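Trainee: I would like to take a close look at one binding site, and then see what surrounds the other parts of the model.

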Amino acid sequence: MSSSQNKTLIEVNNLSKLFRVGKGRTLKAVNDVSFFIREGETLGMVGESGCGKSTVGRTLLRLYEPSGGEVKFEGKDIYKLSASEMKAIRRDMQMIFQDPYASLNPRLTVNDIIGEALDIHNLAKNRAERKARVAELLQLVGLNAEHANRYPHEFSGGQRQRIGIARALAVNPKFIVCDEPISALDVSIQAQVVNLLKELQRKMGLTYLFIAHDLSMVKYISDRVAVMYLGKLVELAESETLYEEPLHPYTRALLSAVPIPDPDSETQKRRIVIKGDLPSAIDPPSGCPFRTRCPLAKEVCAQEMPPLIEHRPGHYAACHFAGEPLPKQEGIVSAG
Amino acid sequence: MKSDNKLRNSSKGQNAQPLLEVEDLHVSFDVRGGEVQAVRGVNMVINKGEVVGIVGESGCGKSVTAQTLMRLIPSPPSRVKKGSIRFAGEDVLKKSEKEMQQLRGGRMGMIFQDPMTSLNPTMTVGRQITENLIRHRNMSMKEAHKRGVEMLNLVGIPLAETRMKQYPHEFSGGMRQRVMIAIALACDPELLIADEPTTALDVTIQAQILEVMKELRSRLNTSIMLITHDLGIVADVCDKVIVMYAGQVAETGTVHEIFTNPKHPYTQGLLESIPRLDDDKSQPLVPIPGTPPDLIKPPTGCAFAARCKYTMDICTRVDPGLFECSSTQSARCWLNHEMAKEVHA
Ligand SMILES: Nc1ncnc2c1ncn2[C@@H]1O[C@H](COP(=O)(O)OP(=O)(O)OP(=O)(O)O)[C@@H](O)[C@H]1O
Ligand SMILES: Nc1ncnc2c1ncn2[C@@H]1O[C@H](COP(=O)(O)OP(=O)(O)O)[C@@H](O)[C@H]1O
Ligand code: SF4
Ligand code: SF4
Ligand SMILES: [Mg+2]
Ligand SMILES: [Mg+2]
């Protein structure tokens, strides 16, 4: 676990990423987002699909070039680095993907999947050393050294995700973007992978950006949590605080929408159901991006984009009426 | 019981009327490597107005069971080896394809995980709803149109008149799923089979769909078979739960029994492996080690034995069969044998 004294590993300032989508139109996948990640901490990131989580993750690793803003890794702006400097930093920053099926090359053995990562950075002097290192990594993620000669399709989803983790760890990274690493797995297997990620963090001092849409899992694994909506960061706080005292209406709706595995839960019956669907990022609403679904929306929300403000120490929210109580709804909801 | 649960229990008691009865169902697939025994002796009853949740790991036979009930599973490669399915007293397995078509989309509605593959992309949404009504309910075009608009309104789609004229790709994922529900419900089905209806959706949209389903059940007394991975959803909307493992029913009971007093180690394991919003996060999660068995050669004895922390000698040799734990709960585990009571505690 990190303490708030830990130094900043990653600093993101006003990051934006636009995609061209034809007919001269652009899609703002990430829109002026700023945050930082401390060394050794897990920053969780949640939000509805398409809100820009993966794009943030990929742009942080410079898998995408940004449209604006900067990302500092250990104080250095990674977008200003030369190709060779970038290659050195790539070792420090790795990614684990959502789909354990699609992210492994089906034609390579596990030995070569993990070995490839070692080769790119010349981390093994010879075949024997490479093999030994692969065996060590497999053991680290709870697989067997004998698994090295098998192909991905011979493994279960949870095992494949472990192979993906071993590949990311092969180069001794400092920072890993975990992009929905457990979404494709069964509940009984998810816990195996999450426990493994936590254990590896403790052992190796890793820093994570943990992207997910399962809010209970994010709370469980994260020190702090960032909530995104339509390309914007709308709230960020210590995870306990975010779940106990959310300030943004979207965060509150999101939390209250999570079905609780307790048939006698009272919270279940007092759910805030927000209306409508996520608007398009090609043609986002004026002002606050959430205003088309927000039960608190007023005139000003359509005119001014609420800035991300630190309402309490370490607790940021972007809402003109942060913290105001929400009306409860009943019955069938209608889409906006 | 802490909560009222009035609504949930309305369908139980003396006047429970069975709508769907499945007995000793066995379904296999013939594949190159042999026979995949996807469903191995499933029993279940869904009463009128009851919401029954089916949970279990990927590959445990949930979808095959559901698709067999509707006779939607291609044969070959699949075949029903044994068992019976009765819907409103009639033998489903004996029906002709024509009779099945009459049943499907009429008295039996269904919603699938991926609404894009189950809606016809070349037909307007309106036509897809009205065609069904004309076929199954002998409505006139005008009546069917009126009913279609009503249904779209019911599932929370605004501007329904306009929406009727649009094609599926003009709807968002959540709205398509609501259209699927509208189509499935337009003919007032007695049984709605929903296979992971919200898995592809975001939680805020999922919350909307769950509200719609709850409302339907309380207004129209529809029976619902709800397949899901999400125990939270089960706790939220179901009356009864069937936990499946390796093609069998591992445990079944009321939602209260399953969540507060599970009698099968697999059910217990599932409940322990999920984090909860109100949990203390310094506690490590408790995963279930290992993976489910290969259904080409299912183990003799208890299918869960290789992953169970209580495995006894007898477990690997003899299938425990279902033990009755209460009038509503039973579990396929030797620990429920009278002689094993102490081990369990
Ligand atoms: N067409 C097929 N040919 C061969 N085997 C099949 C076929 N369809 C399903 N199976 C097998 O039948 C078993 C049960 O599959 P089923 O689709 O019912 O699982 P499920 O419980 O619905 O899983 P999920 O949660 O992943 O949807 C699995 O072992 C699966 O591999
Ligand atoms: N390569 C791309 N080209 C065009 N649009 C993209 C691309 N990648 C993502 N997008 C769009 O950017 C938005 C954010 O996507 P993404 O970051 O993948 O969301 P999330 O990970 O939160 O689900 C979405 O509208 C998505 O369709
Ligand atoms: S700024 Fe206005 S519309 Fe946006 S979240 Fe706050 S109250 Fe709602
Ligand atoms: S029968 Fe034996 S192995 Fe199976 S669940 Fe019960 S105790 Fe475990
Ligand atoms: Mg993504
Ligand atoms: Mg399925």
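Trainee: Which of the 13 residues around ligand 3 come nearest?

Mentor: This is a predicted model, in which local features need pLDDT of at least 70 and side-chain atom pairs count only at pLDDT 80 or more, whereas totals for chains, interfaces and linings use all residues. Residues are numbered from 1 along each chain as its sequence is written, chains are lettered from A and ligands numbered from 1 in the order in which they are written, and side-chain values use heavy atoms, with hydrogens and water left out.

Of the 13 residues around ligand 3 (a residue is near if one of its heavy atoms lies within 4 Å), those that come nearest are A:C288, A:C294, A:C301, A:C319 and A:H320. By class, the shell around ligand 3 has 10 nonpolar, 2 polar and 1 charged residues, where Ala, Val, Leu, Ile, Met, Phe, Trp, Tyr, Cys and Pro count as nonpolar, Asp, Glu, Lys and Arg as charged, and the others, Gly among them, as polar.

The shell around ligand 1 can be set beside this one. It holds 15 residues, of which B:S58, B:G59, B:K62, B:S63 and B:V64 come nearest, and by class it has 7 nonpolar, 5 polar and 3 charged residues. The largest share, 3 residues, comes from α2(B), helices being DSSP runs of H or I with at least four residues and strands runs of E with at least two, numbered from the N terminus. An oxygen atom of ligand 1 is 3.0 Å from a polar backbone atom of B:G61, an oxygen atom of the ligand is 2.7 Å from an N or O atom in the side chain of B:K62, and a backbone N or O atom of B:V64 lies 2.8 Å from an oxygen atom of the ligand. Taken alone, ligand 1 exposes 630 Å², and the protein buries 66% of that (Shrake-Rupley method, 1.4 Å probe).

As for the two chains, 49 residues of chain A are in contact (heavy atoms within 4.5 Å) with 55 residues of chain B. The area buried between chain A and chain B, which is the accessible area (1.4 Å probe) that two parts lose on being put together, summed over both, is about 4,200 Å², and carbon and sulfur atoms give 59% of this. Across that interface the rule finds 0 salt bridges, a salt bridge being a side-chain nitrogen of Lys or Arg within 4 Å of a carboxyl oxygen of Asp or Glu.

How values were computed. Polar contact = N/O pair within 3.5 Å; in protein donor to acceptor, adjacent residues only side chain to side chain.
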